[in-house]
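Work through the exercises below with the coordinates open. Try each task before reading its solution.

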Amino acid sequence: MEAFYWLLFGGLAAVVATLELRKTTRDRAATSSAFNSFKNNYILVYSFMMAGDWLQGPYVYYLYTTYGYGKGDIGRLFIAGFGSSMLFGTIVGSMADKQGRKRASVTYCITYILSCITKHSPQFKVLMLGRVLGGIATSLLFSAFESWLVAEHNKRGFEPQWLSITFSKAIFLGNGLVAIVSGLFANLLTDNLGFGPVAPFDAAACFLAIGMAIILSTWTENYGDPSENKDLLTQFKVAASAISSDEKIALLGAIQSLFEGSMYTFVFLWTPALSPNDEDIPHGFIFATFMLSSMLGSSIASRLLARAVPRVESYMQLVFAIAAVTLLLPVVTNSLIAPSTVKGGSISFSGCIQLFGFCIFEACVGIFWPSIMKMRSQYIPEEARSTIMNFFRIPLNIFVCIVLYNVSAFPMTAMFGMCSAFLFLASMLQRKLMKIAEAHKSSKIIIFVFCILIL
């Protein structure tokens with residue numbers, strides 16, 4: 001079965017390389033040197049930020065076990081992280097709009113560095129503080145940087161369609177190549193060089209410090225609403241009003257929460273799904289394969305976003321539907337293929353089918369990120385961008401906390417079935433969003449033509 005892993009990884013690598021090397025002029029927009037410099041600066045910073053995040057991921061659970069904590073205590077630590085993101089995320093998002101996105105990005109670096117430092121202590125209270133700081137940092141990572149990019153892109157007068165280029169390339173590198181290299185580097189520090197499970201967190205702090213230095217020296221400040229007469233509560237009201245009054249924003253938030261909730265649940269479930277009988281599977285290699293699949297998805301997204309047709313609202317319906325089918329595979333294989341009762345050994349036949357499907361799901365994730373960024377840049381108002389984006393994360397964090405708390409109470413197939421249903425619902429909501437967007441665009445054209453006729 002070991003050959004299967006290499007065949008899958010090699011096949012994905014060949015497809016990604018072919019797609020990148022065979023890009024035509026139709027896939028590449030003609031851009032200015034000023035934009036290319038701006039784009040490369042953002043991608044460099046984003047890559048450092050994601051390296052700081054990815055280095056920690058593979059060893060958080062393992063580090064807690066080396067300190068002697070069991071599943072219950074570790075579960076509470078993880079819940080604290082998502083709960084912190086839910087409780088404080090909207091506040092820090094609003095502060096980013098009010099106090100400045102550059103300041104918020106620097107705050108992310110400082111907060112996450114402090115979170116990394118807490119990993120040196122085996123005390124539960126200190127580790128809990130680290131999870132709370134990590135939750136705040138995660139909220140900033142997925143709102144402040146994107147908000148800064150969109151505002152700065154528009155402020156410098158670059159073409160709106162060029163924004164998709166930055167999104168696609170940032171996801172391709174930050175959520176793909178950087179993730180793979182970070183996983184291998186973390187493994188090198190921990191296992192090969194023998195520095196122990198806390199070493200990846202120290203390395204993450206170093207990368208975050210370098211990224212922060214680049215932000216401080218090269219970024220300019222921008223704001224959502226810099227007016228002096230709007231306090232935090234007023235900003236919340238503005239964001240809530242925007243969501244409730246614009247159906248497109250509400251649908252976008254629901255779609256994002258459904259997809260990301262399923263995605264984070266998948267993160268917890270893929271290991272037991274592939275090794276239900278403690279099969280010996282190469283977790284690090286599979287993780288690298290997933291990240292390669294995500295790179296494939298972002299490469300496909302860059303081609304789709306470079307074209308006027310199909311529109312992002314259109315093709316994302318299919319992406320969500322495909323993702324729903326892939327997460328239904330564990331349910332199907334468990335009902336059609338008799339489960340193995342042999343403990344240990346290599347991955348089973350049904351596990352191979354599921355792994356192939358999970359790679360397709362990760363490719364959908366790679367398409368999702370730049371595409372949802374594109375839609376957010378179109379529909380979310382600038383004055384409350386970070387606040388609204390963190391509002392979207394509230395139902396996501398509630399859902400993940402519930403899943404974490406009850407992960408042992410439901411069969412694994414039920415959890416996958418629920419995720420699949422959520423993704424099918426996201427596909428239907430995406431179709432509704434497309435119809436509303438097309439109707440809005442048609443009404444604008446009619447009004448424009450009417451005005452021309454009058455004049």
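A helix here is a DSSP run of H or I with at least four residues, and helices are numbered from the N terminus. The model is predicted.

**Exercise 1. Overall fold**

Determine how many helices and strands the protein has, and compare its radius of gyration with that of a compact globule.

Solution.
- Step 1: Count the elements. The protein has 16 helices and zero strands.
- Step 2: Get the expected value. For 455 residues, a compact globule would have a radius of gyration near 23 Å.
- Step 3: Compare. The protein has 22 Å, which agrees.
- Step 4: Add the extents. The C-alpha trace spans about 80 × 45 × 40 Å along the principal axes.
- Step 5: Add burial. Of the 455 residues, 53% are buried.

**Exercise 2. The largest cavity**

Find the volume of the largest cavity, and say which helix gives the largest share of its lining.

Solution.
- Step 1: List the cavities. Three have a volume of 30 Å³ or more.
- Step 2: Take the largest. Its volume is about 110 Å³.
- Step 3: Collect the lining. There are 13 lining residues, and those closest to the cavity centre are Leu-141, Phe-142, Glu-146, Met-373 and Arg-376.
- Step 4: Assign the lining to helices. At least two residues each come from helix 2 (33-54), helix 7 (144-155), helix 11 (247-274), helix 14 (349-379) and helix 15 (385-405).
- Step 5: Rank the helices. Helix 14 gives the largest share, three residues.
- Step 6: Sort by class. The lining has eight nonpolar residues, one polar and four charged.

**Exercise 3. A helix pair**

Classify the packing of helix 4 and helix 15: roughly parallel or roughly antiparallel?

Solution.
- Step 1: Recall the descriptors. Two packed helices are described by the angle between their axes and the distance between the axes.
- Step 2: Read off both values. Helix 4 (residues 71-99) packs on helix 15 at an angle of about 175°, and the axes are 8 Å apart.
- Step 3: Apply the cut-off. Angles over 145 degrees count as roughly antiparallel.
- Step 4: Conclude. Helix 4 and helix 15 are therefore roughly antiparallel to each other.
- Step 5: Describe the contact. Its residues divide into 12 nonpolar, 10 polar and three charged.

**Exercise 4. Four residues, three burial classes**

Sort Leu-87, Gly-253, Ala-151 and Phe-124 as buried, partly exposed or exposed. Then give one C-alpha distance for each of Leu-87, Gly-253, Ala-151 and Phe-124.

Solution.
- Step 1: Set the cut-offs. Buried means under 20% relative accessible area, exposed means over 50%, and partly exposed lies in between.
- Step 2: Leu-87 sits in helix 4. Its relative accessible area is 56%, so Leu-87 is exposed. Lys-102 is 15 residues away along the chain, with the C-alpha atoms 22 Å apart.
- Step 3: Gly-253 sits in helix 11. Its relative accessible area is 7%, so Gly-253 is buried. Ile-398 is 145 residues away in sequence and 14 Å away, C-alpha to C-alpha.
- Step 4: Ala-151 sits in helix 7. At 9% relative accessibility, Ala-151 is buried. Asn-222 is 71 residues away along the chain, and the C-alpha separation is 6.8 Å.
- Step 5: Phe-124 sits in helix 6 (residues 124-141). At 24% relative accessibility, Phe-124 is partly exposed. Tyr-64 is 60 residues away in sequence and 9.4 Å away in space, C-alpha to C-alpha.

Key: Residues are numbered from 1 along each chain as its sequence is written. This is a predicted model: local features need pLDDT of at least 70, side-chain atom pairs count only at pLDDT 80 or more; totals for chains, interfaces and linings use all residues. Side-chain values use heavy atoms; hydrogens and water are left out. On a 1 Å grid over the protein atoms alone, a cavity is a set of points where a 1.4 Å probe fits but cannot get out, and a pocket is an open set with protein on both sides within 12 Å along at least five of seven lines; lining residues have an atom within 4 Å of a point. Grid points are joined across faces, edges and corners, and a volume is the space filled by probe spheres set on the points. Ala, Val, Leu, Ile, Met, Phe, Trp, Tyr, Cys and Pro count as nonpolar, Asp, Glu, Lys and Arg as charged, and the others, Gly among them, as polar. Axes are lines fitted to C-alpha atoms, for helices over the stretch in contact, and angles run from 0 to 180 degrees between N-to-C directions. Angles under 35 degrees count as roughly parallel, over 145 as roughly antiparallel, 65 to 115 as roughly perpendicular and the rest as oblique. The radius of gyration is taken over C-alpha atoms; the globule rule is 2.2 Å times the number of residues to the power 0.38. Buried means under 20% relative accessible area, exposed over 50%, partly exposed in between (1.4 Å probe, protein chains only).
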